[in-house]
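Me: Hi! I have a protein model open and I'd like some help finding my way around. Can we go through it together?

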Amino acid sequence: MRLTVFGATGGIGQEIVKQALASGHQVTAVVRDPARFAVTGPGLDVVRADLTSPEPLRAAVAGRDAVLSGLGARKRSDAGITTPLTRAVLTAMEAEGTRRIVVVSAAPVGPGAPGDGLLDRGMRAAISALLKDVYTDLRAMEAALAASATDWTSVRPPKLTDKPLTGVYRRVVGGNPKAGRTIARADVAHAMLACVGDPSTVKQGVGVAY
């Protein structure tokens, strides 16, 4: 497949690029600062672009089988950036007729898992309060996805770690795994790539966790 990856310098974005290349896909990595992007390999094209406007992004998404986005706040002070950047990507995709997009969001944006105990419900409430601005931004991003003409999927992980790829995790389409507390960025990338060709995840939020 021909894939375009936004947020390719981030932890999840770089993993998406690495895993996609290892699977033989053609990958366009869109970055704002190529000096921060260390991935190399056959089948990789690195494009420098400012994501504040959709027009420069059109060439990067034209003719692609899917777009994957690792865009998101890397610290609390970045809250608010995800929605406008994603809207620029969506506008570029709609202009070029590219339909499939898979983005990363967060577990608290989705519904609570049936059967979660008091501890998990309490942790969820505390984290949601602490990162209220970040999750408000992600909810707005998901609303923009839902209002778009794209075939979107939002992958919603809990706390992220930098542990190695396992390829073994729980996945719930339309919900979150019970007592799902952590997952590695590498496995989130794996889940996002798996969603690309899975029609059951189109226009759905997908919870992933160990």
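Reply: Happy to help; we can talk through the sheet, the helices, the cores and a few single residues. One thing to keep in mind is that this is a predicted model.

Me: Cool. Let's start with the sheet: how many strands form it, and in what order?
Reply: Eight strands form an open sheet, and the order across it is β3-β2-β1-β4-β5-β6-β10-β8. The pairing is mixed.

Me: Which strands stand at the edges?
Reply: Those are β3 (44-48) and β8 (170-173). Each has a single partner strand, so one side of each is left without a neighbour in the sheet.

Me: And how much are neighbouring strands turned against each other?
Reply: On average by 20°, direction ignored.

Me: I keep looking at β5. How many of its residues are buried?
Reply: Five of its five residues are buried, so to speak of β5 as mostly covered is fair by the 20% cut-off for relative accessible area. Arg 100, Val 102 and Val 104 point one way, while Ile 101 and Val 103 point the other way.

Me: What joins β5 to β4?
Reply: Three bridges do, and the two strands run parallel. If you click on Leu 68, its bridge partner in β5 is Val 102.

Me: And what about β5 and β6, how many bridges there?
Reply: Five bridges, again in the parallel sense. Here Val 103 has Ser 154 of β6 as its bridge partner. On to the next pair: β6 (residues 151-156) and β10 are parallel too, over four bridges. In that pair, Val 155 stands opposite Val 206 of β10.

Me: OK, helices now. Which strands does α5 touch?
Reply: Helix α5 (residues 132-147) packs on the sheet and touches β5 and β6. Its direction makes about 155° with that of β6.

Me: And which strands does α6 lie across?
Reply: α6 lies across β1, β4, β5, β6, β8 and β10. It runs at about 160° to β5.

Me: How do people describe two helices that pack together, what do they use?
Reply: They use the angle between the axes and the distance between the axes. For α1 and α6, the axes come within 8 Å and cross at roughly 55°. That makes α1 oblique to α6. The crossing is right-handed.

Me: Which residues make that contact?
Reply: From α1, the list includes Gly 11, Ile 12 and Ile 16. From α6, it includes Ala 186, Met 192 and Leu 193.

Me: What about α3 and α5, at what angle do they cross?
Reply: Roughly 20°, with the axes of α3 (residues 82-96) and α5 coming within 8 Å. That makes α3 roughly parallel to α5. This crossing is right-handed as well. Among the residues in contact are Thr 86 and Leu 90 of α3, and Met 141 and Ala 144 of α5.

Me: Switching topic: how many residues does the largest nonpolar core have?
Reply: It has 30 residues, and those with the most contacts inside it are Ile 16, Val 17, Phe 37, Leu 44, Leu 68 and Met 192. The elements that give two or more residues to this core include α1 (11-22), β4 (66-69) and β5 (100-104). α6 gives the most, with seven residues.

Me: Leu 68 again! What does it touch?
Reply: Leaving out residues up to four places away in sequence, Leu 68 touches Leu 3, Thr 4, Val 5, Phe 6, Ile 16, Val 102, Met 192, Leu 193 and Val 196.

Me: Where's the other core, which residues does it include?
Reply: The second, separate core has 26 residues, including Ala 88, Ala 92, Val 109 and Met 141.

Me: Last topic, backbone angles. What sign does phi have in most residues other than glycine?
Reply: Negative, in most of them. In this model, Ala 179 has a positive phi, near 55°. Ala 179 is in the loop between β8 and β9 (182-184). With 32% relative accessibility, Ala 179 counts as partly exposed.

Me: And Lys 203, what's its phi?
Reply: Near 60°, which is a positive value too. Lys 203 lies in the loop between α6 and β10. It is partly exposed, at a relative accessible area of 41%.

Me: Great, thanks!

Definitions and conventions. Residues are numbered from 1 along each chain as its sequence is written. This is a predicted model: local features need pLDDT of at least 70, side-chain atom pairs count only at pLDDT 80 or more; totals for chains, interfaces and linings use all residues. Side-chain values use heavy atoms; hydrogens and water are left out. A nonpolar core is a set of buried Ala, Val, Leu, Ile, Met, Phe, Trp, Tyr and Cys residues joined through side-chain atoms within 4.5 Å. Buried means under 20% relative accessible area, exposed over 50%, partly exposed in between (1.4 Å probe, protein chains only). Contact means heavy atoms within 4.5 Å. Two strands pair if DSSP finds at least two bridges between them. Axes are lines fitted to C-alpha atoms, for helices over the stretch in contact, and angles run from 0 to 180 degrees between N-to-C directions. Angles under 35 degrees count as roughly parallel, over 145 as roughly antiparallel, 65 to 115 as roughly perpendicular and the rest as oblique. A crossing is left-handed if the near helix is turned anticlockwise from the far one by less than a right angle, and right-handed if clockwise.
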